[in-house]
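Hi there,

Here is the structure I promised to pass on to you. Have a look at it first, and then read on for what turned up in it.

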Amino acid sequence: MLKQNLQMRLGQKLAPQQIQLMKLIQLHTLEFEEELERELEENPALEKAEESKDEEDFSSTDEAFEEEGNESIDTDFDVNEYIFDDEPAYKTTASNYSADDEEFDNQSLLTEGQSLYDYLLEQIRLINVDGDDLVIAEYIIGNLDNDGYLRREIKQIVDDLAFSLGVYTTKEKAEDILENYVQKLDPPGVGARGLQECLLLQIEKKVSSDKAVTLAANILRNQFDALTNKHYNKIIQKYDIEEEDLKDALEVISKLSPKVGGNFDTQTITINQEIIPDFVIHVKDNGEKGVEVHPTLNSKNAPSLRVSDEYKDILTTYSHDKKSAEHKQAALFIKQKLDAAKWYIDAINQRQNTLLQTISAIVKLQKNYFITGDDKSLKPMILKDVADITGFDISTISRVVKSKYADTPNGIVYLKNLFSDSLTNDDGEEVSTKEIKNHLMDIINAESKRKPLTDDALVGLLKEKGYNIARRTIAKYREQLNIPVARLRKEL
């Protein structure tokens, strides 16, 4: 049995303008420029104001074209509802940059050139391979990754050949074609099934009686595990050689390429790293008054926009004729574009205000760093600290600092690098984990490469500096700094 009843619910829903603002805030300068140009193209009622003109009061834009008399529009429905039902594209389309996506901080460009696949196919078709052997060889080439490795099992390739192409062969036959045809192609090392095989294929192409080359080949063939684990003493004892001989062999190995396909066009997007800072930090010494640090927005982040006067005039013209359905519809369309332009300008102004307040709070918390440029002067700072100063939500602060850079007197700084947790030293003072990582890096850079410091030794040295840190924390910081364990840092 059907029943009707009334319910009252309390819910929270972001307005379209708030959604639009959040999307604009997270854009860095290059993306913001593109978004602005796109909006200027799509909405003819929005235009850039000339620098010579005074800034327009956009809060009174509605009054300018909705005054009683000439410019009011008599419609059968609410114009605001019409606008919300048919919002401009920038309020409904999803941003390409979600919270889960890897952000690109710069523009991307497609590279052009010959791919490894095409280069290998050209070669295999020029040598004496016919019939099914050529099909198998081409199929193996098609299964190579961008680095030139064959990551798939030969058995899987044999099965695929039978099911996909109707070519029946054996595992032994496919391996024979791989080793005698594919792996003989240029560049040396292509078609390898692992790093050891890749390096061996390259060094075997070196026709030389050089003692270092011969020793390097023997090490790669028979002592690869000892080499990767840097058990140099074991290798020296195994071959009864001098340390200098091993150095020469290691020099030969170091010139081999672990990724032979790296010089070819991988048919993927390559990043052109060109950083345009979103903020500019000015540092001025005022003598007895002290040093002043003043942040500003990049001029590209502060465009001067205005609502088109021409479209206001057109709206006035169409609104005179209240009987014509066509004129009424045209007036509604123009009204929509004008409202969208005003709405966009308000969002841009809010974006500028949010960015300025956020960078001002960061400068306030990290003033000494911007003055000195020394990472060791960084204070512990988390998103909540900035949010408490600005009054914004933590998620808003996160959007602001994401993929944003600041131009400081000491170079370009990635804002996210200014944030760090804190630890308490032996004096009871809170210090940034970045400061500790910098000390850790300095200690490792100064260590003897013949006998690198273990994590336990690093714990002791940092404790002498007043940082009482556990060994597992040292290991975590090492991994974050991409520093291997002591055994793998060993050098001759």
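A definition to begin with: two strands pair if DSSP finds at least two bridges between them. Please also keep in mind that this is a predicted model.

With that definition in hand, β7 and β8 are a good place to start. They pair in the antiparallel sense, over four bridges. If you want a spot to find by eye, Asp-407 stands opposite Ile-412 in β8.

Which sheet do these strands belong to? An open one made of four strands, in the order β5-β4-β7-β8, with mixed pairing. At its edges are β5 (291–297) and β8 (411–414), each of which pairs on one side only. From one strand to the next, the twist averages 25°.

Next, some backbone details. As background, most residues other than glycine have a negative phi, and most peptide bonds are trans. Here are the places in this model that I would point you to:

- Ser-403 is not a glycine, yet has a positive phi of about 60°. You will find Ser-403 in the loop between α18 (394–401) and β7 (405–408). Buried means under 20% relative accessible area, so Ser-403, at 1% relative accessibility, counts as buried.
- Asn-482, also a residue other than glycine, has a positive phi near 60°. Asn-482 sits in the segment after α21. With a relative accessible area of 70%, Asn-482 is exposed.
- Asp-186 and Pro-187 are joined by a cis peptide bond, with omega at about 5°. Pro-187 has its place in the loop between α8 (171–180) and α9 (195–204).

Finally, let me take you to Leu-481, which lies in the segment after α21 (471–480). Is Leu-481 buried, partly exposed or exposed? At 25% relative accessibility, Leu-481 counts as partly exposed, because that category lies between the buried limit of 20% and the exposed limit of 50%.

And which residues does Leu-481 touch, not counting those up to four places away in sequence? The answer is Lys-437, Leu-440 and Met-441. For Met-441, the separation along the chain is 40 residues, while the C-alpha atoms of Leu-481 and Met-441 are separated by 8.1 Å.

If you would like a route through the model, try β7 and β8 with their four bridges, then the cis bond between Asp-186 and Pro-187, and end at Leu-481 with its contacts to Lys-437, Leu-440 and Met-441.

Enjoy exploring!

Best wishes

Key: Residues numbered from 1 in each chain as written. Predicted model: local features only at pLDDT ≥ 70, side-chain atom pairs only at ≥ 80, totals over all residues. Heavy atoms only, no water. Helix = DSSP H or I, 4+ residues; strand = E, 2+ residues; numbered from the N terminus. Buried < 20%, exposed > 50% of the residue type's maximum accessible area, 1.4 Å probe, protein only. Contact = heavy atoms within 4.5 Å. Axes fitted to C-alpha atoms, helices over the stretch in contact; angles between N-to-C directions.
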